[in-house]
Amino acid sequence: MPQDYEYPTPIPDPPRTTTTQIREQINKLAPYKAPGPDGIPNIVLMKCFDIIADYLLHIIQVIIEKGLYYNPWRESTTVVLQKPGKPNYQIAKVYRPIALLNTLAKVVTALVATDISFLVENYHLIPKTHFGGRPGKSTIDVLHYLSHRIKEAWRKKEVASVLFLDIEGTFPNAVTKRLIHNLRKRRIPAKYVKFVENLLKGRRTRLGLMITHRNQSKYGMGLDRGTHFL
């Protein structure tokens, strides 16, 4: 980490979260997706929104304005499923982990992510050649840009060289301090920086393992399935 780094002045905060924004985020949720530890299905928020809208508005506004994060939301459930049709289930890579997050935590996080995305685009905080995770940008845009640069080099009788780096493993291993440094460096408002920092502290999960017990008998192979939580 850079020592004694002088961060620029953060950009102004966007307007406070509104009921309309909360409703839009809730409506984007898959209605019958399995819930996390809070046990609240998405469909419940959708059907009961008009009743609890005022309560949600006050709670979410305070959480975002103060950069808070409710401690029970730090826990998730990771269900480990077997990939079908694999010959050997004693190998780790034949299992697919699926993280189930708390419903309200997903709503609040989505609201913060939407605000940060708006600020990034409105204040041009990242280069135009950054395509990943941006609204209105896709792989097609990347291919068009790459094709244009290659053909531009050819027209100048130059050789086009491309270096591809596989950085997929970087994302689940982000260093929190470095991420916070980058957010402040990009002039992200302090309340969002604090929210992200608190979001990443003390994360924990419970593994739900779908274990298949195989019992050999003279009548053939029998299957006895069970779920075990760690």
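**Exercise 1. How many aromatic pairs does a search of the whole structure find?** Characterise the pair of Tyr-69 and Phe-195.

*Solution.* The model is predicted; local features require pLDDT of at least 70, side-chain atom pairs count only at pLDDT 80 or more, and totals for chains, interfaces and linings use all residues. Residues are numbered from 1 along each chain as its sequence is written, and side-chain values use heavy atoms, leaving out hydrogens and water.

Step 1. The search of the whole structure yields six aromatic pairs. Rings of Phe, Tyr and Trp (its six-membered ring) pair if their centres lie within 6.5 Å; planes under 30 degrees apart count as stacked, over 60 as edge-to-face and the rest as tilted.

Step 2. The ring centres of Tyr-69 and Phe-195 are 5.7 Å apart and the planes stand at 70 degrees, so this pair is edge-to-face.

Step 3. Tyr-69 belongs to the loop between H2 and strand S1 (75-82), whereas Phe-195 belongs to helix H6, so the pair ties together parts 126 residues apart in sequence. Helices (H or I, at least four residues) and strands (E, at least two) are DSSP runs, numbered from the N terminus.

Step 4. Tyr-69 is buried at 9% relative accessibility, and Phe-195 is buried at 1%. Here buried means under 20% relative accessible area, exposed over 50%, and partly exposed in between (1.4 Å probe, protein chains only).

Step 5. Tyr-89 and Tyr-95 also form an edge-to-face pair, with 6.2 Å from centre to centre and 70 degrees between the planes. Tyr-95 is partly exposed, at 22% relative accessibility.

Step 6. Ring pairs join Tyr-69, Tyr-70, Trp-73 and Phe-195 into a cluster.

**Exercise 2. On which residue is the kink in H2 centred?** Describe the span and packing of this helix.

*Solution.* Step 1. Helix H2 (residues 42-66) has 25 residues, yet its end C-alpha atoms are only 25 Å apart, short of the 36 Å that a straight helix would reach at 1.5 Å a residue. The expected span is 1.5 Å times one less than the number of residues.

Step 2. A kink of about 90 degrees is centred on Phe-49; the bend at a residue is the angle between axes fitted to the seven residues ending there and the seven starting there.

Step 3. The buried residues of H2 include Asn-42, Leu-45, Phe-49 and Ile-60. Those buried residues pack against helix H1 (19-27), H3 and helix H6 (190-199), where contact means heavy atoms within 4.5 Å.

Step 4. Gly-67 follows H2 and has a positive phi, near 65 degrees.

**Exercise 3. Is Thr-103 buried or exposed?** Locate its partners, then do likewise for Arg-186.

*Solution.* Step 1. Thr-103 lies in helix H3 (residues 103-122) and, at 0% relative accessibility, counts as buried.

Step 2. Not counting residues up to four places away in sequence, Thr-103 touches several residues, among them Leu-29, Ile-40 and Leu-45. The side chain of Thr-103 reaches the backbone oxygen of Ile-40 at 2.4 Å.

Step 3. Arg-186 sits in the loop between H5 and H6 and is partly exposed, with a relative accessible area of 41%.

Step 4. The side chain of Arg-186 reaches the backbone oxygen of Leu-125 at 3.1 Å. The C-alpha atoms of Arg-186 and Tyr-7 are separated by 8.7 Å, although these residues are 179 residues apart along the chain.

Terms used. Polar contact = N/O pair within 3.5 Å; in protein donor to acceptor, adjacent residues only side chain to side chain.
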